[in-house]
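Hello,

Here is the structure I promised to pass on. Please have a look, then read my notes below.

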Amino acid sequence: MSTLLNKLSPSATDLIRMDHSQVLDTFHQFRSGLSAAKKEALVNATCVSLEIHAQLEEETFYPALRELANDIAVLEKSFPEHAEMRRLITRLRAMTAVDPDYDTTYFELVRDVLHHVADEETTLLPAAERLMPERLGELGAQMARRRAQLMTSRAGEIMSSTMRSFPESAAVMAAGAVGAGSYLMHQAADWVKGVGRRH
Ligand SMILES: [Fe+2]
Ligand SMILES: [Fe+2]
């Protein structure tokens with residue numbers, strides 16, 4: 001079963017790239033002129049995705065890479081950068097969208113994440129592909145399983161922000177076509193089960 005999962009899951013580096021693309025897509029949907037409810041839903045979706053992604057990297061990907069390369073500066077600064085990201089997430093959660101600092105705090109988070117993602121994609125992911133190509137499948141399967149667990153534990157939160165951010169998905173969910181209840185959960189289920197149900 002674990003061999004099958006290894007084959008069906010994306011490699012660790014592909015999974016990380018997919019997460020990055022998904023979060024960048026959420027960034028692009030945010031506009032200052034949106035309604036407060038839509039902004040808060042998008043911000044919440046962004047924050048949950050980032051938190052889960054950072055946890056997966058910290059629990060699995062970074063330690064595996066560090067075993068092989070403890071001198072990669074970008075890897076060492078990833079931890080404080082995740083900490084700064086979490087600080088901004090905490091600030092955003094303590095505000096509402098009508099707060100005068102809401103948009104600027106969100107854009108600060110976007111700027112930091114873009115910088116962090118660029119470092120990972122230009123340095124860490126290529127290093128992992130060079131140093132441990134044979135481990136990427138197993139690590140990807142581990143991360144996909146862990147993601148499914150983390151998403152299940154936050155399912156209510158994810159469903160609520162998905163329905164407010166992407167109302168078209170609410171209709172799909174109501175029709176019962178997406179059992180788990182969100183694009184994110186749907187994607188995770190595809191990765192784990194290898195079912196071609198992605199949108
Ligand atoms: Fe990261
Ligand atoms: Fe990342």
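Is S21 buried, exposed or partly exposed? With a relative accessible area of 46%, S21 is partly exposed. Keep in mind that this is a predicted model. S21 sits in helix α2, which covers residues 12-29. V117 is 96 residues away from S21 in sequence, yet their C-alpha atoms are 9.7 Å apart.

Next, the metal site. The iron ion (ligand 2) has protein donors H20 (NE2), H53 (NE2), E57 (OE) and E120 (OE), at 2.0 to 2.2 Å. Their sequence spacing is H-x32-H-x3-E-x62-E. The four donor atoms subtend angles of 80 to 166 degrees, so the arrangement is irregular. E57 also bridges to the iron ion (ligand 1), and the two ions lie 3.3 Å apart. H20 belongs to helix α2 and H53 to helix α3 (residues 36-68), so this pair ties together parts 33 residues apart in sequence. Both histidines, H20 and H53, are buried.

Then the aromatic rings. There are six aromatic pairs. F27 and Y106 are edge-to-face, because their planes stand at 80 degrees, with centres 6.1 Å apart. F27 is in helix α2 and Y106 in helix α5 (residues 102-131), 79 residues apart. Both F27 and Y106 are buried. Y62 and F79 also pair edge-to-face, with centres 5.3 Å apart and planes at 70 degrees. This pair ties helix α3 to helix α4 (residues 73-93). Y62 is buried at 1% relative accessibility, while F79 is partly exposed at 28%. Finally, ring pairs link F27, F30, Y106 and F107 into a cluster.

Best wishes

Methods
Residues are numbered from 1 along each chain as its sequence is written. Chains are lettered from A and ligands numbered from 1 in the order in which they are written. This is a predicted model: local features need pLDDT of at least 70, side-chain atom pairs count only at pLDDT 80 or more; totals for chains, interfaces and linings use all residues. Side-chain values use heavy atoms; hydrogens and water are left out. Helices (H or I, at least four residues) and strands (E, at least two) are DSSP runs, numbered from the N terminus. Buried means under 20% relative accessible area, exposed over 50%, partly exposed in between (1.4 Å probe, protein chains only). Donors are N, O and S atoms within 2.8 Å of the metal (3.2 Å for Na, K and Ca); water is not among the atoms, so sites may look incomplete. Four donors count as tetrahedral if all angles lie between 85 and 135 degrees; four count as square planar and six as octahedral if opposite donors are over 155 degrees apart and all others between 65 and 115; anything else is irregular. Rings of Phe, Tyr and Trp (its six-membered ring) pair if their centres lie within 6.5 Å; planes under 30 degrees apart count as stacked, over 60 as edge-to-face and the rest as tilted.
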